[in-house]
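Colleague: Before I rely on the charged pairs in this model, I would like to go through the reasoning behind each label.

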Amino acid sequence: MPGIEISADPARLDLDVIHAFLAAAYWSRGIPRAVVERAVRNSVCFGAYAGPDQVGFARVVSDRATFAYLADVFVLERFRGRGIAKQMMRAVLAHPELQGLRRWNLATHDAHGLYRQFGFLPLAHPDYHLEIHHPGIYLEAAPAPPPPD
């Protein structure tokens, strides 16, 4: 899409935008900013930019040799429907540090159509995959609100 730039430069990431979106997203509701900062620091991250403003994000957790997990992909609502997520996916899959990997994984509730376009399929052997999942961990760890006056 003209006017949108995808960059993997960590210095360009706007942690305010990223945290605000993720703290409200169904998959990371309530995530503390410090957790977002640590996740970004330890991942290969991509920003989508309309001029100087960050409008999208994708994060890859990887050993950069055999495995990658795609996480936290979003495009701000007012910029959706313009192909930005597809641009980010092309950049993610073309990144030089993420080539030759044996396995890519992701989890999504509602974007299967996007990811299928890039070769992601349901697990061939779901019985091989196990998880420990704490979906409400950020909300559980949040401090209790102050009592009413």
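Modeller: Let us begin with Asp-72 and Arg-59, both of which are buried, bearing in mind that this is a predicted model.

Colleague: What makes the contact between Asp-72 and Arg-59 a salt bridge?

Modeller: The N to O distance between the side chains of Asp-72 and Arg-59 is 2.9 Å, and the cut-off is within 4 Å, so the pair is called a salt bridge. Asp-72 lies in strand S4 (residues 67–75) and Arg-59 in strand S3 (residues 53–62), so the salt bridge ties together parts that are 13 residues apart in sequence.

Colleague: Why is Asp-16 called exposed, and why is Arg-33 called partly exposed?

Modeller: Asp-16 has a relative accessible area of 53%, and exposed means over 50%, so the label applies to Asp-16. Arg-33 has a relative accessible area of 31%, and partly exposed covers values between 20% and 50%, so Arg-33 is partly exposed.

Colleague: How do you know that Arg-33 forms a salt bridge with Asp-16?

Modeller: The closest N and O atoms of Arg-33 and Asp-16 are 2.6 Å apart, and the rule asks for within 4 Å, so the pair qualifies. Asp-16, Arg-33 and Glu-37 are linked in a network of salt bridges.

Colleague: What makes Glu-97 and Arg-64 a salt bridge?

Modeller: Their side chains meet at 2.4 Å, N to O, and the limit is 4 Å, so the name holds for Glu-97 and Arg-64.

Terms used:
Residues are numbered from 1 along each chain as its sequence is written. This is a predicted model: local features need pLDDT of at least 70, side-chain atom pairs count only at pLDDT 80 or more; totals for chains, interfaces and linings use all residues. Side-chain values use heavy atoms; hydrogens and water are left out. Buried means under 20% relative accessible area, exposed over 50%, partly exposed in between (1.4 Å probe, protein chains only). Helices (H or I, at least four residues) and strands (E, at least two) are DSSP runs, numbered from the N terminus.
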